[in-house]
Amino acid sequence: MPQQPLSQVPLDATWEWQEAGACRGADQDLFFHPQNERGLARLRRDRAAKAVCARCAVRVECADYAIRAREPYGVWGGMTEEERERVYLRIELANFPRQRGEGAAAAAEEIARAVAPQALGYA
Ligand code: SF4
């Protein structure tokens, strides 16, 4: 997965959880949209990525990292760029979660909703 500029990476970031990610070995193009992808193509790719994340044992760790890093690109922890952006917008920068676990706590509802049947297109 592409990494954020160092200034965005939380100081206590760890990466061993990626070893257990359900996306390990998967086509990374599923998780990162090509330039100018829009509409149904984007919805389908995002949902396919979310379906992988939904069965991932380290989904919360992944989402926690992505939120704390204000990761702008890709599907992380089952959350799309737009879903994370809404989290970024509702949290004041001064209070932004930076310590491990704080991102998951701050966005617990969004993280849960991200792989709910509706988000996956099943309901
Ligand atoms: S939650 Fe998704 S993006 Fe994150 S490690 Fe798991 S499968 Fe990969």
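How many helices and how many strands does the chain have? The chain of this predicted model has 6 helices and 0 strands. The legends below begin with the whole chain and then turn to close-up views.

**Figure 1. Overall fold of the chain, which reads α-α-α-α-α-α along the sequence.** The C-alpha trace spans about 35 × 30 × 25 Å along its principal axes. The radius of gyration of the chain is 14 Å, which agrees with the value near 14 Å for a compact globule of 123 residues. Buried residues account for 28% of the 123 residues. Among contacts with a separation of 6 or more, 66% are between residues 24 or more positions apart.

**Figure 2. Close-up of the ligand and the 14 residues around it.** The residues that come nearest to the ligand are Gly21, Cys23, Cys53, Cys56 and Cys62. Two helices, α1 (39-54) and α2 (59-68), each contribute at least two residues to the shell. By character, the shell comprises 9 nonpolar residues, 4 polar residues and 1 charged residue.

**Figure 3. Close-up of the largest nonpolar core, a set of 21 residues.** Within this core, Cys62, Ala63, Ala66 and Met79 touch the most other members. Helices α1 and α2 each supply at least two of the core residues. The greatest contribution is that of α2, with 5 residues. Cys62 is also listed among the residues that come nearest to the ligand. For Ala66, when residues up to four places away in sequence are not counted, the residues touched are Glu71, Trp76, Gly77, Met79 and Arg84.

**Figure 4. Close-up of helix α2 and its surroundings.** Is α2 largely enclosed or largely open to the outside? Of the 10 residues of α2, 9 are buried, so the helix is largely enclosed by the rest of the structure. The buried residues are Arg59, Glu61, Cys62, Ala63, Asp64, Tyr65, Ala66, Ile67 and Arg68. Their cover includes helices α1, α3, α4 (102-106) and α5.

**Figure 5. Close-up of Arg70, in the loop between α2 and α3.** Arg70 has a positive phi of about 50 degrees although it is not a glycine, and this residue follows just after α2. Most residues other than glycine have a negative phi. Arg70 counts as partly exposed because it has 19 C-beta neighbours inside 10 Å, whereas 20 or more are needed for a residue to be buried. Apart from residues up to four places away in sequence, Arg70 touches Gln8 and Tyr88. Arg70 and Leu11 are 59 residues apart along the chain, and their C-alpha atoms are separated by 13 Å.

**Figure 6. Close-up of the buried and exposed sides of helix α3 (residues 81-90).** Which residues of α3 are buried? They are Glu83, Arg84 and Val87. These residues lie on the same side of α3, because they cover an arc of only 95 degrees around the axis. An α-helix has 3.6 residues a turn, so residues three or four places apart point the same way. The cover over the buried residues of α3 includes α2 and α5 (108-113). One of these buried residues, Arg84, is touched by Ala66. On the other side of α3, Glu82, Arg86 and Leu89 are exposed.

**Figure 7. Close-up of Leu89, a residue of helix α3.** Why does Leu89 count as exposed? Leu89 has 8 C-beta neighbours inside 10 Å and therefore counts as exposed; the limit for that class is 12 or fewer. Leu89 and Ala119 are 30 residues apart in sequence, and the distance between them in space is 20 Å, C-alpha to C-alpha.

**Figure 8. Close-up of Asn36, in the segment before α1.** Asn36 is not a glycine, yet has a positive phi of about 70 degrees. Is Asn36 buried or exposed? Asn36 counts as exposed because it has 7 C-beta neighbours inside 10 Å. Arg70 in Figure 5 likewise has a positive phi, of about 50 degrees, but counts as partly exposed.

Notes. Residues are numbered from 1 along each chain as its sequence is written. This is a predicted model: local features need pLDDT of at least 70, side-chain atom pairs count only at pLDDT 80 or more; totals for chains, interfaces and linings use all residues. A residue is near a molecule or strand if its C-beta atom, placed from the backbone, lies within 6 Å of it. Helices (H or I, at least four residues) and strands (E, at least two) are DSSP runs, numbered from the N terminus. Ala, Val, Leu, Ile, Met, Phe, Trp, Tyr, Cys and Pro count as nonpolar, Asp, Glu, Lys and Arg as charged, and the others, Gly among them, as polar. A nonpolar core is a set of buried Ala, Val, Leu, Ile, Met, Phe, Trp, Tyr and Cys residues joined through C-beta atoms within 7 Å. Two residues are in contact if their C-beta atoms, placed from the backbone, lie within 7 Å. The radius of gyration is taken over C-alpha atoms; the globule rule is 2.2 Å times the number of residues to the power 0.38. The arc is that of the directions from the helix axis to the C-beta atoms.
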